[in-house]
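Reader: I should like to learn how to read the fold, the core and the surface of a model. Please take each topic in turn.

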Amino acid sequence: MKPLVRWGLLTLAIAATVHAVALFAGPTIIMSIAMKRIASAGGAGHWNFAPRTTPETQRVVRSSPDLAYAACAWDVGKGPVRIRVAGATDYASLSLYGANTDNVFSVNERTRVPDGAEIFFIAKGARPPAGVNPASIVVAPSRRGLALDRRLAPTADAFARVDAARRGGDVCEPLAKG
């Protein structure tokens, strides 16, 4: 075999390997970094309420200045996690992501009740918490992940109202302290 052909095949094999690693491991690595950063801001199982998005406060590329963001790193390894978001009359969404960045559950102002939504995240094979509506139980695809709450807040006054509502009603907490 000619040296040029060998180098070409070696290059192709290396490129395919790098591509496969990036494709399959990349999302998990990225999410792990995000979960560590969010958990370090207030610990796992607590909402971290972002300030109003401005060029000075923007930490995520292309975050919308019209939205108020809150994030919570959750971990069902020691038991169920309760995630509650206060109601909203304008656009609002709650998205739950697994450790590999897959969106595993979402509700918005059209699909959640006007007074909010409450979800109980449990590990695969775990027993649901007693007395909880089965419709509010979501089986987590991974031990850890992120919850993201987004609400419409295009002005400083709207942000203040949304911020007060989410700080007064949003909960992200493990049911079993450990």
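Author: The discussion below moves from the fold to the core and then to the surface. This is a predicted model, in which local features need pLDDT of at least 70, side-chain atom pairs count only at pLDDT 80 or more, and totals for chains, interfaces and linings use all residues. Residues are numbered from 1 along each chain as its sequence is written, and side-chain values use heavy atoms, with hydrogens and water left out.

Reader: How many helices and strands are in the chain?

Author: Helices (H or I, at least four residues) and strands (E, at least two) are DSSP runs, numbered from the N terminus. The chain has 2 helices and 9 strands, in the order α-β-β-β-β-β-β-β-β-α-β.

Reader: Which residues touch the most other members of the largest nonpolar core?

Author: In soluble globular proteins, nonpolar side chains tend to be buried together. A nonpolar core is a set of buried (under 20% relative accessible area, 1.4 Å probe, protein chains only) Ala, Val, Leu, Ile, Met, Phe, Trp, Tyr and Cys residues joined through side-chain atoms within 4.5 Å. Here the largest core holds 19 residues, and W47, W74, I83, L94, L96, F121 and A147 touch the most other members. Two or more residues each come from β2 (67-75), β3 (81-86), β4 (92-98), β5 (103-108) and β6 (116-122). Beyond its neighbours within four places in sequence, I83 is in contact (heavy atoms within 4.5 Å) with residues including W47, W74, V171 and C172.

Reader: Is M1 buried or exposed?

Author: Exposed means over 50% relative accessible area; M1 counts as exposed because its relative accessibility is 71%. M1 lies in the segment before α1 (3-42).
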